[in-house]
Structure formats: structure tokens, C-alpha cells
2 protein chains.
Amino acid sequence: MTDLARATSLLTIDVDAIVANWRRIASLIAPAEAAAVVKANCYGLGVAHIAPALFAAGCRSFFVACLDEGIQLRKILPGGMIYVLSGPVGGAESEFAAHNLIPVLNSLAQITGWSAFAKAGSAAPASALHLDTGMTRLGLDEAELDRLAAKPNVLASVRPILAMSHLACADDDTSPKNNEQLATFRRLSGRLPAMPLSLSASGGIFLGRAFRFDMARPGAALYGLNPIPGRPNPMTQVLRLQGKILQIRDVDSPMTVGYGASHRVARRGRIATVAIGYADGWFRSLSNRGHGVIGGIKVPLVGRVSMDLTTFDVTDVPEALAHPGALIDLIGPNIPVDDVAAMAGTIGYEVLTALGRRHHRRWLSRATEGKPA
Amino acid sequence: MTDLARATSLLTIDVDAIVANWRRIASLIAPAEAAAVVKANCYGLGVAHIAPALFAAGCRSFFVACLDEGIQLRKILPGGMIYVLSGPVGGAESEFAAHNLIPVLNSLAQITGWSAFAKAGSAAPASALHLDTGMTRLGLDEAELDRLAAKPNVLASVRPILAMSHLACADDDTSPKNNEQLATFRRLSGRLPAMPLSLSASGGIFLGRAFRFDMARPGAALYGLNPIPGRPNPMTQVLRLQGKILQIRDVDSPMTVGYGASHRVARRGRIATVAIGYADGWFRSLSNRGHGVIGGIKVPLVGRVSMDLTTFDVTDVPEALAHPGALIDLIGPNIPVDDVAAMAGTIGYEVLTALGRRHHRRWLSRATEGKPA
């Protein structure tokens, strides 16, 4: 039995499109460097398939969230620069060195720890410094930076090769917070020795040239999310999620559909029960709100999303298209991730990272010619 | 470096508590059989650790959602009866037989397919029949059942050993739908030859003896979710989720915290940035709503949940308890899964199935003495 025949839901990831999105950003921001944010398993899309393709396209700097992800990525990418955003936690300095991972140092405590480690004679990798300019999440605030700048020996000992910060409102180009953070970043980074600077992720890149500095760190935009909400998406969609119809039910009033009997059937019609549910990351908040597409026809999601199953009203779809075994599009060229997110009351980032383990995944690229992996 | 030291979030699953929950239900419903619903990787908690413990406790019937899960479980449990709720899809009959999986036959098409397969001389396993009594999701409706009952040879050829249905409103003991479905199940199952019957999952068990028939299929209750919402939970909590503090930030008005600057700091205080985010299944809908616990003190979640990080106001917690490297309880004995779900605007089931891959997991049981696996 083929993988496709056995699959109850199918996730197709277009690695070439991700690479094309990276190239588009790299050429837009040149001569600034385009890094790639590949944390959370490339936002759920498969770092083992995507990071090597980005490296082959010329990307050299990669950002992950935590040590585990750094170690995993180092096995995949012997050659890239790997930045770990959380920095060393709980005495992990030697693990960073063992796997040649660049810690993003977020606090004086992390800087002190890394300095002591480097001075102890270990071959410590270089580091990055995180300045907080208004996100209030990770990074040095102004007072801490001043204390650090007063200790040039400590600063030199951690060998910083990048000073970075992160924007809180880059998805809203009308927010005054963006220019405030830009000014703060200029002011704070000016107190450090000259080194490459990075402020922007996907959204910030599109706020203009002033936000790009020496490096930008796109993540969401690579994976097809719109970096400029409210305007046409300049990025290419990279994803297709399809669910398999298990059963078609003939229904009529006064029947109800699903848990809580929340959908009341209004007319004679057909309901398709599809093998995808919230255990697959198909959010329960899509209950009675989302839709799918079969043969170009929009089919409303009716009833509550349950753990493994979701029901769609396929009354308007010819029986030749909507039958057990047929696939229904849930995310794809005509249903962008951002639209699914809006229906679910969240953002595209969360739709991506929630994509579940039961989907049969295939990665498309010229290198692999679409071979399932 | 130990696993615990490296972990940025830690998920502890009390397998003994799950077994105790199963035993409680088994003794409550005896002489009816207590099966176990172990689909979606035991609602995200680890089927490879839990299913063998349930088998050792005497559980003999296990329910999974799809063929993949059945094949995986058969490797874990050579001896159990494994029911696959979606039934054979797309010509998968021979795979069911190869792994000794009992298909739940939901439609006439599946019954016809299984009948043909069994008649072809294969050593087909027995099957279960799914009757739809008002869920309108999977199963035979009344007209289809009549067509089946008119073909006793076909019916006999699929060797049914169970007729089952599923309640839509079992979480609401005031819903008239429960008794309607009970009456429908009695009426429809009466048209079949005598065989064991099963109607209830976790909720239905507590609707009373009449709902229990020959087998009940608890899932949620095993994993500590409350089967009788609105009344005290009779089940034991099985889960503890802890996140590690990466950094403590001193804050004061007029600072803002996190994306969208959605939290405005009102007073001088401290913010803990914790290494958990929506990529870990810690829902973004908890933004500015949830809370954690440190040393018995409730700490409000402030700002938006981001992909890898969440911020809590720890101003009221002594510095000796809230420091980088310390753990904060996010789900646990004092924060039941159902409460987290309510804060997130969903149900405990979805909180469980969303639990992310980055958590370091340990399973506690007398058999393994808490050894990390």
C-alpha cells in the first residue's frame, strides 16, 4: 500500500518556494545579510529538509530557540553559523562549545557565565548580544548595558560578533513603537564597540531600509506568512494541507452534527467527515467557522472540530468529487495559512507550529523531485 | 549535563495515576468491560509508556483513530484487541489483517469491502459496527442499517464482535439528546444479531448504569480530565508541566511587555521570561489571561504568548524562588488541565493533544521508578 493511499491527511511542503522566499528577501535587503530563523523545527515544517536547502542557496546564519534545537541543527548543518536565542541556561556553556553554537547572551548573568567559561581556556565560540529596546522579554536593558560597557574586558572576553534586538509591533507599520525601538537600538548599540547589528525579523524588513542594518532575521516570511498584514502578501505560499474524506452522510432537518449538537441541519444535503481534528493542529476554534475547498468549491466547516475528525457541508459539490477517499484542501494556494489563522482567531505562526504529527509529510524540491521522505 | 539541567520545559506524566483512573472506572462499571481510548498518542501523553501499563493492569481492548496508530500500537502491544475507529480507507483491508487490527466499520461501503476481503479467503480479523445515533459524524444511519440487516450473509461475513455508537452531549447531563441517543441505540442495535454493545466514552459512563452496556470506552477520564464538568472531578490529575525561567526583568511604568505592546506595566516590579510558547502547545489564546504558580504563589501571565517564550508577573514572588533556572508550574496538581483549557477558551482534550515536542518528558511509574525515558 502506498504512503499516499494510507495517509489520512497529507502535508506538502514546497522547499523550493521557501528557498525562493529567502532569495527574494536576500536580494531586497542586500548588502545586509539575510539570516534564516529555523526555530521550532522551521515553524513545524521540517528543519532537516529546509535548513540544508537554505544553506545551499547561500544562507549562512541560522537562528534557533534553545540548546536542543541547536544541537539538532548542528548535526544537519556542519557548516552554518548557528545562533541560539535563549543563550546558555543552567551551566550549558560547555555544550554550546562542544556543538559550536553561538549563544545569544540576554542578561548580565549569561554574559558573566560565558566570560568565565571563555577565560577558563576553553575554545568558546563567539557570541551575540541581545539588547532589549522595548519588547521586555529577553535582552539587556539600558542600565545593564551601561554596567556592561563599563567593563570592556568582560565585553571583549565574550567576543561579540552581533548586537541584536527585536521589534514588538513590526506587523503594524503605523505603530509609533517601531521608530521608538529603532531610535533606542541606535542609541544603545552606540555604547558598544563597533560590531554588526540586527534589529528586524520578517515584519521589520518591510518597515524600510533604516530597519535592516547589517543583518535581518526572516522566519515567518520564508514560510509564506504575510510580513505586511493588510497589504497583498509579497511572499509565495509554501504549504498544502489536505484531509481525506472517510464517509459521506446524507442529512436532513432536524438532524444535528457533532459534539454539543452545535450545527443544526437546515436542508437536505450531504456531510463529509474528514480525517483531521484538533489532535492534528486543526484548531477546535475553527468549529462552525472554517472552510475547505474541493474542486474549487468552498465547503463550510459545520459542527465542532473533534479530536480526529472534522465535518464539512459538501451539499454543493458533485458526488464525483466528494466521496470517501477523496482529498479536501484545508490549507493551500487558495486558502492561505493567514486566512486559516484568521478563521481560527489566531496568527499564521501558530497554525504552522501546531501542524500535527499524524500528517503524512512530503517535501518538494528540485533536488529530491518530490520524493516522499 | 543532565537531561533536567538542559530541559527548558519539563512534562511529567504519572502513568500510575492513569492506571489508577482506569481501575477506578473498571470497578465502577463492572461487569461491563472498561476499554481504553489511546488514540492521538494517548491524547499526546505517550502511548508507548501508557498502553503497556494499562494492559498489565488488565485492560484488553484499545481504541485508536487510524491505521497508522493501529500499526504503531500493535508493535507495542502484541496481545491486546486493537480497534481502529476510522475503519479501512482506500483499500487498506490487507494492512488491517497483517497487523491483526479490528476495523470499526462505519459505512456500507466499508462493510462491503471488509466482507469481500474476508470472503476472499484471507484470515480477516473480526470487526466492530458503528451505528450513528445522532452524532452525524461516522457510522451507519437507520436506513443503512436496515439495508445491512436485510443481508444476513454479508453481516455474518464481517464477523462483528461489537456494535458501538457515540454520544454528542455526554458532557452535559441535562441534555435531552443523551436519552434520545440511548433510545436510538437500543432500537437500532435490536435489529442486529445479539452481540456486545458499547455506547459511552468518559462522559457517558457517569450518565448512569443504563449507558454502560457491555463495554465503555474511557479516554479523557483516564488522563485526568473531568468527565462531569461543573461537578468535582472524580479523576486524579496525571500531568505536570513546568517551564524554566530564562531571565528576570525589572520593569516599571510606562514600559510595555511583548508583541503588540499589549501589556502595560502599571507599577515597579519583575517579569519572568519563561521558555515555553505556542510552538510548545501553550496556546496563544492564553495571552494576558493565563497564570502559572511558583512556590504556591499564583503569577499572572502578562503580554502575548510568543512562539518560544511567555512572560509572567513575578513581582509578588520572593527573588529566591523566581530566578533564572527556576521552574514555574503551568499545569499540575494546583492548575488542572481543565482550568488551563478554560483560560485558553478551549477544552482539556485540546490542551493535552497540543502538548509540544520540545518538552522533556518523563513518565513516572513504580515499574520504571521515575527513570527518564
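Colour chain A by pLDDT, the predictor's confidence in each residue, from 0 to 100: the average is 95, and 98% of the residues score at least 70. For the complex, the predictor gives an ipTM of 0.96 and a pTM of 0.96. This is a predicted model, in which local features need pLDDT of at least 70 and side-chain atom pairs count only at pLDDT 80 or more, while totals for chains, interfaces and linings use all residues. Residues are numbered from 1 along each chain as its sequence is written, and chains are lettered from A and ligands numbered from 1 in the order in which they are written.

**Chain A as a whole**

Select chain A and display it as a cartoon. Its C-alpha atoms fill a box of roughly 80 × 45 × 40 Å along the principal axes. The cartoon should show 13 helices and 19 strands, counted as DSSP runs numbered from the N terminus (helices H or I, at least four residues; strands E, at least two). Of the 373 residues, 58% are buried; a residue is buried if 20 or more other C-beta atoms lie within 10 Å of its own, exposed if 12 or fewer, and partly exposed in between, with C-beta atoms placed from the backbone. Contacts are pairs of residues whose C-beta atoms, placed from the backbone, lie within 7 Å. Among contacts in chain A with a separation of 6 or more, 63% join residues 24 or more positions apart.

**Helix α4 and Phe62**

Next, select residues 47–56 of chain A, helix α4, and show the buried residues Val47(A), His49(A), Ile50(A), Ala51(A) and Leu54(A). These pack against α2 (15–29), β3 (36–37), α3, β4 (61–64), α5 and β19 (360–364) of chain A. After the helix comes Gly58(A), with a positive phi near 120 degrees.

Move to Phe62(A). Beyond its neighbours within four places in sequence, Phe62(A) is in contact with ten residues' worth of side chains to display, including Ala51(A), Val38(A), Leu73(A) and Tyr83(A). Phe62(A) is also one of the residues that touch the most other members of the largest nonpolar core, which has 259 residues; Val38(A), Val84(A), Val38(B), Phe62(B) and Val84(B) are the others named. Such a core is a set of buried Ala, Val, Leu, Ile, Met, Phe, Trp, Tyr and Cys residues joined through C-beta atoms within 7 Å.

**Strand β17**

Select residues 310–313 of chain A. From this strand, β17, Thr310(A) and Phe312(A) point one way, Thr311(A) and Asp313(A) point the other way, and all are buried. Strands pair if DSSP finds at least two bridges between them. An antiparallel pairing with β14(A) has 4 bridges, and Val274(A) stands opposite Thr310(A). Strand β16 (297–302) also runs antiparallel to β17(A), joined by 2 bridges, with Val302(A) opposite Thr311(A).

**Where the chains meet**

Now show chain B: 58 residues of chain A are in contact with 59 residues of chain B. The elements of chain A giving two or more residues to this side are α1 (3–6), α3 (39–43), α5 (67–76), β11 (239–251), β12 (256–257), β14 (269–274) and α13 (348–354). The largest share, 5 residues, comes from β11(A).

Finally, superpose chain A on chain B: a rotation of 180 degrees with 0.0 Å of shift along its axis does so, with an RMSD of 0.0 Å, by least squares on the C-alpha atoms of residues with pLDDT of at least 70 in both. That is the relation of a two-fold axis. Centre the view on Ala354(A), whose C-alpha comes closest to the axis of the residues of chain A, at 3.6 Å.

Methods
Two residues are in contact if their C-beta atoms, placed from the backbone, lie within 7 Å.
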